[in-house]
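Me: I would like to go through the labels used for this model and ask what each one rests on. Please set the value against the cut-off each time.

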Amino acid sequence: MRSRIVIGPLTVFALGTSCLPGPAPVDEEPAPARTAFAFEPIDAPEVTPRWGAPAAAGFLVGGVDDSMTVSDQVSSFTVVDGALRATAVGTLDLPRFCGCALFDEGRRELLVLGGRDDFYRDASTAVLLNVDSGERVDIDDGGAADHPVGCHAFFSSANDRGYVFGGAASSSGFTGDTWRFDPAARSFTRLEATGPAGRYDGGVVTLDDGALLVGGMGGTVALKFYADVWRFDAADESWSELVPSLPDGPPGRRVPWLALSPDESTLVYGFGSDSPRGETVLGDLWRLDLPSGTWRVAAVEGDLPAARGFTQKLPGPAGSAGVLAFGADAALNIHGDAFTLAVPDDLAGQW
């Protein structure tokens, strides 16, 4: 292309820039293949870390801070511009820790059950919080919160019901009961469902049509730390054991950190405590192939976070397995750090 430039009586034709050769293409080095998981530190400015705060769909409920103060705060957590940010969405009816919670996304309601209060007494009650308006309603639990400590809760959008399993009470030990929550009637019904042995402090991940329960602590004559995996089928409201505790699998524990791939084929499991009072904590990471029921130690590039119990699983950036947040050491000193778990390339299409 030429352009005409008039200078006084002269006319000069000049070559346009589109005819000039551009810079030579530079061959970019392909990114090296990621063959292992990697924990990448993430900032958490203006976030008060707590342990014993149940997590549900990115919400953290109550918990205990480093001064041993029990909170009544409910906050929503997201990763924004590479940092973990918290937004307060409401308060509970009383300070609570070590209970359980489920989130009904369609109604934008968070159901919180049990735990202990700020006097460290069992809080055998339930409360419903609208996370948009902050409106709070006390719920008649009908007995679902009779074992309030370390209970397990999840919501199934497949049949529009919530469920609560297990837990412990200071006066009567562990239970293996399963309860259904009807969000329209705001009522609970105990199911006649045979399932996992009574326990508390297991880990729960939600499936499209139910949930997985992993590990926990229970026992009658002697305490047991479980590493089994159970599936709850919301269609017929039944439990089935997918993977028993295995000698070549991970050790049993309370409050493990869990992440499930969106295609529900790979479960990542680690950290937690293998003692009744949290006097010992774990710092490992395992990978379960759900179709085959096979465990293996997960390959990790770089260092793992310090061993800890009572960690929280929060949503992470797209393509990650989520965020491992906070937790406590064996003396219940709180870790204030958080990490995104990057996945290896062979799982990239699954996350």
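Me: What makes the contact between arginine 253 and aspartate 284 a salt bridge?
Reply: This is a predicted model, and in it the closest N and O atoms of arginine 253 and aspartate 284 are 2.6 Å apart. The cut-off is 4 Å between a side-chain nitrogen of Lys or Arg and a carboxyl oxygen of Asp or Glu, so a pair at 2.6 Å qualifies. Arginine 253 lies in the loop between strands S22 and S23, and aspartate 284 in the loop between S24 and S25, so the pair ties together parts 31 residues apart in sequence. Both arginine 253 and aspartate 284 are buried.

Me: How do you know that aspartate 337 and arginine 308 form a salt bridge?
Reply: Their side chains meet at 2.7 Å, N to O, and the limit is 4 Å, so the label applies. The pair links distant parts of the chain, 29 residues apart: aspartate 337 is in the loop between S28 and S29, arginine 308 in the loop between S26 and S27.

Me: Why is arginine 308 called buried?
Reply: Its relative accessible area is 0%. Buried means under 20%, so arginine 308 falls in that class.

Me: Why does aspartate 337 count as partly exposed?
Reply: Aspartate 337 has 29% relative accessibility. Buried requires under 20% and exposed requires over 50%; 29% meets neither condition, so the residue is partly exposed.

Me: What makes glutamate 192 and arginine 190 a salt bridge?
Reply: The N to O distance between their side chains is 3.6 Å. That is within 4 Å, so the pair counts.

Me: Which accessibility classes do glutamate 192 and arginine 190 fall into, and why?
Reply: Glutamate 192 has a relative accessible area of 73%, and exposed means over 50%, so glutamate 192 is exposed. Arginine 190 is at 40%, between the limits of 20% and 50%, so arginine 190 is partly exposed.

Me: How many salt bridges does a search of the whole structure find, and which residues does sharing of partners join into one network?
Reply: The search finds 18. Asp104, Arg107 and Asp160 are joined into one network by salt bridges that share partners.

Me: How do you know that strands S16 and S17 pair?
Reply: Four bridges join S16 (residues 178-182) to S17 (residues 187-190). Pairing needs at least two, so these strands pair. They run antiparallel. Arginine 190 in S17 is the bridge partner of tryptophan 179. The hairpin has four residues between the strands, and arginine 186 takes a positive phi near 55° there.

Me: What makes S23 and S24 a pair, and which residue stands opposite tryptophan 257?
Reply: S23 and S24 share four bridges, and the requirement is at least two, so they are a pair. The sense is antiparallel. Tryptophan 257 stands opposite glycine 270 in S24.

Me: Why are S23 and S26 called edge strands?
Reply: The open sheet has the order S23-S24-S25-S26, with antiparallel pairing. S23 (257-260) and S26 (294-297) each pair on one side only. Neighbouring strands of this sheet are turned by 20° against each other on average, direction ignored.

Me: Which strands form the open sheet that contains S3, and in what order?
Reply: The order is S3-S29-S28-S27, again antiparallel. Its edge strands are S3 (38-42) and S27 (312-314). The average turn between neighbours is 30°, direction ignored.

Me: How do you know that S3 and S29 pair?
Reply: Five bridges join them, where at least two are needed, so S3 and S29 pair. Glutamate 40 has threonine 340 in S29 as its bridge partner.

Key
Residues are numbered from 1 along each chain as its sequence is written. This is a predicted model: local features need pLDDT of at least 70, side-chain atom pairs count only at pLDDT 80 or more; totals for chains, interfaces and linings use all residues. Side-chain values use heavy atoms; hydrogens and water are left out. Axes are lines fitted to C-alpha atoms, for helices over the stretch in contact, and angles run from 0 to 180 degrees between N-to-C directions. Buried means under 20% relative accessible area, exposed over 50%, partly exposed in between (1.4 Å probe, protein chains only).
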